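Take a first look at the chain shown here. The text below walks through it step by step.

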Amino acid sequence: MSTSMLYHIFKVPGVQYVSTEYYGKNQVFHAVVHPNYLRCPDCNSTNVIKSGSNNRTFVTLPVGLRKTELSVEVPRLECKDCGSIKQVELPFADEKKHYTRSL
């Protein structure tokens with residue numbers, strides 16, 4: 001698996017592949033947000049600093065008979081320009097949803 005495969009097969013832009021974990025008939029792809037996507041969700045500024053992170057798991061398209069999940073470490077950013085502290089917006093999933101848009 002690679003970052004390119006996550007982008008082209010699962011339609012998941014903005015993440016870098018880290019590892020794969022298999023358990024039973026399930027598989028989990030672990031990834032982190034790409035540095036180019038670290039922007040303030042309010043003012044779109046790149047003048048931000050990381051202020052912690054949270055792991056989010058998304059259900060995505062299955063591969064054969066295997067249930068597939070994507071676990072992403074989503075950083076919380078503090079904007080130096082507008083002062084807001086929020087998580088990065090993910091281009092492949094809506095807020096408070098536990099599945100990708102491609103699903």
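What follows moves from confidence to the core, then to single residues and a pocket.

This is a predicted model. The mean pLDDT of the protein chain is 85. Of its residues, 96% reach 70 or more. The elements do not share one value: S2 has the highest mean pLDDT, at 91, and H1 has the lowest, at 72. Where pLDDT is low, the predicted coordinates should not be read in detail.

Start inside. The largest nonpolar core has 20 residues. Those with the most contacts inside it are Leu-6, Val-15, Leu-70, Val-72 and Phe-92. Which elements give two or more residues to this core? They are helix H1 (3–10), strand S2 (26–33), strand S3 (48–63) and strand S4 (66–79). S4 gives the most, with 5 residues.

Phe-92 is a good place to pause. Leaving out residues up to four places away in sequence, Phe-92 touches Lys-11, Val-12, Pro-13 and Val-15. Phe-92 also touches Phe-58, Leu-70, Val-72, Thr-100 and Arg-101. Three of the names tied to Phe-92 return from the core's best-connected residues: Val-15, Leu-70 and Val-72.

Pro-13 meets Phe-92 from the other side of that list. Pro-13 sits in the loop between H1 and strand S1 (15–23). Is Pro-13 buried or exposed? Pro-13 counts as buried, because its relative accessibility is 18% and the cut-off for buried is under 20%. Beyond its neighbours up to four places away in sequence, Pro-13 touches Tyr-7, Tyr-37, Pro-91 and Phe-92. Cys-79 is another matter. Pro-13 and Cys-79 are 66 residues apart in sequence, and their C-alpha atoms are 23 Å apart in space.

Now turn to strand S4. Glu-69 is found there, and so is Ser-71. Glu-69 is buried, with a relative accessible area of 14%. Ser-71 is buried too, with a relative accessible area of 6%. What does each one touch, leaving aside neighbours within four places in sequence? Glu-69 is in contact with Tyr-23, Gln-27, Val-28, Phe-29, Thr-57, Phe-58 and Thr-60. Ser-71 touches Val-28, Phe-29, His-30, Ala-31, Asn-55, Arg-56 and Thr-57. Val-28, Phe-29 and Thr-57 appear in both sets.

Strand S3 offers a contrast. Lys-50 lies in S3. Lys-50 counts as exposed, because its relative accessibility is 59% and exposed means over 50%. Lys-50 still has contacts beyond four places in sequence: Leu-38, Pro-75, Arg-76 and Leu-77. Lys-50 and Leu-38 are 12 residues apart in sequence. Their C-alpha atoms are 8.8 Å apart in space.

The loop between S2 and S3 holds Asn-44. What is notable about its backbone? Phi of Asn-44 is near 65°. That is a positive value in a residue other than glycine.

Last comes the pocket. The largest pocket has a volume of about 280 Å³. Its lining includes Pro-41, Asp-42 and Arg-56. Lys-86, Gln-87, Val-88, Glu-89 and Leu-90 also line this pocket, as do Ala-93, Asp-94, Glu-95 and Lys-96. How many of the lining residues are charged? The lining has 7 charged residues, along with 4 nonpolar and 1 polar. Arg-56 links back to strand S4: this lining residue is also touched by Ser-71.

How values were computed:
Residues are numbered from 1 along each chain as its sequence is written. This is a predicted model: local features need pLDDT of at least 70, side-chain atom pairs count only at pLDDT 80 or more; totals for chains, interfaces and linings use all residues. Side-chain values use heavy atoms; hydrogens and water are left out. A nonpolar core is a set of buried Ala, Val, Leu, Ile, Met, Phe, Trp, Tyr and Cys residues joined through side-chain atoms within 4.5 Å. Buried means under 20% relative accessible area, exposed over 50%, partly exposed in between (1.4 Å probe, protein chains only). Helices (H or I, at least four residues) and strands (E, at least two) are DSSP runs, numbered from the N terminus. Contact means heavy atoms within 4.5 Å. On a 1 Å grid over the protein atoms alone, a cavity is a set of points where a 1.4 Å probe fits but cannot get out, and a pocket is an open set with protein on both sides within 12 Å along at least five of seven lines; lining residues have an atom within 4 Å of a point. Grid points are joined across faces, edges and corners, and a volume is the space filled by probe spheres set on the points. Ala, Val, Leu, Ile, Met, Phe, Trp, Tyr, Cys and Pro count as nonpolar, Asp, Glu, Lys and Arg as charged, and the others, Gly among them, as polar. pLDDT is the predictor's confidence in each residue, from 0 to 100.
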